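Please open the model in a viewer and keep the sequence at hand. The tour proceeds by selections, each followed by a description of what is found there.

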Amino acid sequence: MAHSARDDTGFLREVRDAVTGRAALLVTGVLVLQLAFIASYVGAFHSPRPRDVPLGVVAPRQITGQLVYELAALPGDPLAPRAVGDEAAARRQINERDLDAALIVDPRGTTDTLLVAGGSGTSLAQATEAVVARAERAQQRSLKVVDVAPAAAGDARGLSSFYLVVGWCVGGYLCAAILAISAGARPANTHRALIRLAALALYAAGSGLLGAVVAGPVLGALPAGIAGLWGLGTLVVFAVGALTLALQGLAGVVGIGLAIAIVVVLGNPSAGGAYPYPLLPPFWGTIGPYLPPGAGTWAARSLAYFRGNALTCPLLVLSGWAVAGTAATLASASFRGGKGRTERSV
């Protein structure tokens with residue numbers, strides 16, 4: 001019996017040595033992150049349906065009001081229709097990304113035209129077409145679809161912008177994590193934090209350029225110019241990296257997990273990649289534009305297919321993350337460096 005008790009005690013000691021309390025806490029955090037990943041991706045993608053798709057309506061004045069009312073009253077609120085003066089104005093607003101589609105009514109026949117923009121995401125164009133076609137059939141009319149901003153031949157379903165931005169985001173938080181943990185869990189002083197931020201900026205510029213070259217000339221997936229994508233990629237990588245450095249400086253290794261939660265768990269499914277914002281549930285559609293993957297994906301599509309229109313908001317979002325991450329990284333380093341000096345002097 002005594003021998004058995006000693007064996008049990010030895011086994012428990014081995015367990016404690018192999019799995020420390022800190023390790024158990026971190027593994028619990030990993031489990032929470034894993035479950036959050038599953039819930040976020042399944043929640044965002046399990047039942048896509050259009051909600052409030054901005055739709056222009058070009059029709060004779062005497063029927064425009066009634067038609068807009070009927071389209072707005074469709075079950076489930078799939079469309080957010082509004083009257084537009086003529087087809088040229090509708091095309092311009094689609095190119096400016098104020099509209100996702102436009103219905104052009106032909107008063108002299110029974111076939112109307114739906115203008116869509118495949119560059120915004122093929123799934124959105126198809127979902128909008130399905131909704132409008134049902135409404136047209138109910139009125140004994142048919143529908144012709146015209147893609148005024150089609151995705152490039154090498155950009156299957158308009159997803160290349162999303163995958164490019166996801167790659168930049170992965171590089172950003174992995175580079176920052178390596179810089180942060182290579183010499184300790186927290187930046188020891190402001191100088192070290194500045195050096196890490198400078199190294200991150202160099203990496204961002206290099207990886208931004210290489211990503212643009214691969215997606216553009218090498219694979220022919222995106223028709224945007226190299227310079228625009230390069231600038232965007234640099235900003236995306238630096239913004240995500242600065243966020244990671246900031247959270248790691250504030251929370252140690254746990255901060256890297258928090259960065260992954262923001263960028264991967266919340267940011268990727270809400271980015272509007274596989275399903276653009278009008279197809280996502282309200283929570284994901286609301287947060288997506290304000291997280292780096294969503295802002296980056298929107299900007300990349302604007303550069304590739306919409307002549308660089310509607311870039312101000314996503315660039316401000318990315319710049320905000322970059323500035324906030326930089327400031328928090330330096331503030332954390334300064335605080336901990338000052339605290340360390342105080343403790344040494346005491």
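Begin with R108, which counts as exposed because its relative accessibility is 80%, over the 50% cut-off. The model is a predicted one.

**Salt bridges**

With R108 still selected, add D106: the two form a salt bridge whose closest N and O atoms are 3.8 Å apart. D106 is partly exposed, at a relative accessible area of 26%.

Next, select R141 and D112, another salt bridge, in which the closest N and O atoms are 2.7 Å apart. This pair links distant parts of the chain, its members being 29 residues apart. R141 is in the loop between α5 (122–138) and β5 (142–147), whereas D112 is in strand β4 (residues 111–116). Is D112 buried or exposed? With a relative accessible area of 1%, D112 is buried.

Move then to helix α4 (residues 87–95), where E87 and R91 lie four residues apart, about one turn of the helix. Their salt bridge has its closest N and O atoms 3.1 Å apart. E87 counts as partly exposed at 33% relative accessibility, and R91 is likewise partly exposed, with a relative accessible area of 36%. The structure has three salt bridges by the rule applied.

**Aromatic pairs and helix α2**

A pair of aromatic rings is described by the distance of the centres and the angle of the planes. How many aromatic pairs does the structure hold? There are six. Select Y41 and F45 as one of them: the ring centres lie 6.1 Å apart and the planes meet at 85°, so the pair is edge-to-face. Both residues are in helix α2, and because they are four residues apart they are separated by about one helical turn. Y41 counts as buried at 18% relative accessibility, while F45 is partly exposed, with a relative accessible area of 26%.

Another edge-to-face pair is formed by F283 and W284, at 5.2 Å centre to centre and 90° between the planes. F283 is partly exposed, with a relative accessible area of 45%, whereas W284 is buried, at 14%.

Now extend the selection to F37, Y41, F45 and Y275, which ring pairs link into a cluster. Keep F37 and add L31, L35, I38 and V42 to display a nonpolar surface patch of about 440 Å². L31 is placed in helix α2 (residues 21–45) and is partly exposed, with a relative accessible area of 46%.

For a charge over a ring, select R97 and W298: R97 lies over the face of W298, at 3.6 Å from the ring centre.

**Helices α7 and α11**

Select helix α7 (residues 190–218), which has 29 residues. From first C-alpha to last, α7 reaches 40 Å, close to the 42 Å expected at 1.5 Å a residue. Its buried residues include A193, R196, L197, L200 and A204. Just after α7, G220 takes a positive phi of about 65°.

Finish at helix α11 (residues 292–305). At 1.5 Å a residue, its 14 residues should span 20 Å, and the end C-alpha atoms are 20 Å apart, which agrees. The helix is mostly covered, with 12 of its 14 residues buried; among them are P292, P293, R301 and Y305. Just after α11, select R307, which takes a positive phi of about 60°.

Terms used
Residues numbered from 1 in each chain as written. Predicted model: local features only at pLDDT ≥ 70, side-chain atom pairs only at ≥ 80, totals over all residues. Heavy atoms only, no water. Helix = DSSP H or I, 4+ residues; strand = E, 2+ residues; numbered from the N terminus. Expected span 1.5 Å × (residues − 1). Buried < 20%, exposed > 50% of the residue type's maximum accessible area, 1.4 Å probe, protein only. Patch = residues over 30% accessible without salt bridge, like charges linked within 9 Å, V, L, I, M, F, W, Y side chains within 5 Å. Areas by Shrake-Rupley, 256 points an atom, 1.4 Å probe, with all protein chains shown as cover. Salt bridge = Lys/Arg side-chain N within 4 Å of Asp/Glu carboxyl O. Phe/Tyr/Trp six-rings, centres within 6.5 Å; stacked < 30°, edge-to-face > 60°. Lys NZ or Arg CZ within 6 Å of the ring centre and 35° of its normal.
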